[in-house]
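Here are some exercises to work through with the model open in your viewer. Try each one yourself before you read the solution.

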Amino acid sequence: MEYGCYVPANGPLANPQNLTELAQSFEALGFDTVRVGDHIVIPTTIASRHPGSPGPGFPGAESGDWLDSLTLLSFLAART
């Protein structure tokens, strides 16, 4: 059986330093894969509550920024 971990492609943790530290930590712990989400269109306003969020929306939604998943995975592959 293989186990993987998810890294955020948006929000406050989605920066090169944090993502590298997360991926390297997962690797050191013996996880087999790193996974990222992919969204084509990000709404800038969300009225409903997103699971895990204290209020409406989700982290990073206000800017609409989301890292490209293939570029992010390539970036992390070079560091693990």
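**Exercise 1.** Is serine 69 buried or exposed in this predicted model, and which residues does serine 69 touch beyond those up to four places away in sequence?

*Solution.* Start by finding the residue: serine 69 sits in helix α2. Next, check its relative accessible area, which is 10%. The cut-off for buried is under 20%, so serine 69 counts as buried. Finally, look for partners, skipping residues up to four places away in sequence: you should find Val36, Gly37 and Asp38.

**Exercise 2.** Work out what pattern the secondary structure follows along the protein chain.

*Solution.* Count the elements to begin with: there are two helices and two strands. Then read along the sequence, and the order comes out as β-α-β-α. While you have the whole chain in view, look at its contacts with a separation of 6 or more: 64% of them are between residues 24 or more positions apart. As for burial, 28% of the 80 residues are buried. The accessible surface is about 5500 Å², and carbon and sulfur atoms own 58% of that.

**Exercise 3.** Find the residues of the largest nonpolar core, then say which element supplies the largest share.

*Solution.* Pick out the members, 10 residues in all: Cys5, Val7, Ala9, Leu19, Ala23, Phe26, Val36, Trp66, Leu72 and Leu76. Now map them onto the helices: α1 and α2 (69-77) each give at least two residues to this core. The largest share belongs to α1, with three residues. For some background, nonpolar side chains tend to be buried together in soluble globular proteins. To zoom in on one member, take cysteine 5: leaving out neighbours within four places in sequence, cysteine 5 contacts Phe26, Phe31, Thr33, Val34 and Arg35.

**Exercise 4.** Describe how the rings of phenylalanine 26 and phenylalanine 31 are arranged.

*Solution.* The count of aromatic pairs is one. In that pair, the ring centres of phenylalanine 26 and phenylalanine 31 are 5.9 Å apart and the planes meet at 70°. Planes over 60 degrees apart count as edge-to-face, so that's the label for this pair. Now check burial for each partner: phenylalanine 26 is buried at 15% relative accessible area, whereas phenylalanine 31, at 32%, is partly exposed.

**Exercise 5.** Which residues make the nonpolar surface patch of about 530 Å², and is methionine 1 buried or exposed?

*Solution.* The patch is built from Met1, Tyr3, Leu29 and Phe31. Methionine 1 belongs to the segment before β1. Its relative accessibility is 84%, and the cut-off for exposed is over 50%, so methionine 1 is exposed. Glutamate 2 is in the segment before β1 too, and at 61% relative accessibility it also counts as exposed. Go on to measure from glutamate 2 to threonine 33: they are 31 residues apart along the chain, with 7.9 Å between their C-alpha atoms.

**Exercise 6.** Where does asparagine 10 lie, and is asparagine 10 buried or exposed?

*Solution.* Asparagine 10 is in the loop that runs between β1 (4-6) and α1 (16-28). Its relative accessible area is 12%, so asparagine 10 is buried. For a last step, compare sequence with space: asparagine 10 and aspartate 65 are 55 residues apart along the chain, while 6.4 Å separates their C-alpha atoms.

Conventions:
Residues are numbered from 1 along each chain as its sequence is written. Side-chain values use heavy atoms; hydrogens and water are left out. Helices (H or I, at least four residues) and strands (E, at least two) are DSSP runs, numbered from the N terminus. Buried means under 20% relative accessible area, exposed over 50%, partly exposed in between (1.4 Å probe, protein chains only). Contact means heavy atoms within 4.5 Å. Accessible areas come from the Shrake-Rupley method with a 1.4 Å probe; for residues, only the protein chains shown count as cover. A nonpolar core is a set of buried Ala, Val, Leu, Ile, Met, Phe, Trp, Tyr and Cys residues joined through side-chain atoms within 4.5 Å. Patches are made of residues with over 30% relative accessible area and no salt bridge: like charges are joined within 9 Å, nonpolar side chains (Val, Leu, Ile, Met, Phe, Trp, Tyr) within 5 Å. A salt bridge is a side-chain nitrogen of Lys or Arg within 4 Å of a carboxyl oxygen of Asp or Glu. Rings of Phe, Tyr and Trp (its six-membered ring) pair if their centres lie within 6.5 Å; planes under 30 degrees apart count as stacked, over 60 as edge-to-face and the rest as tilted.
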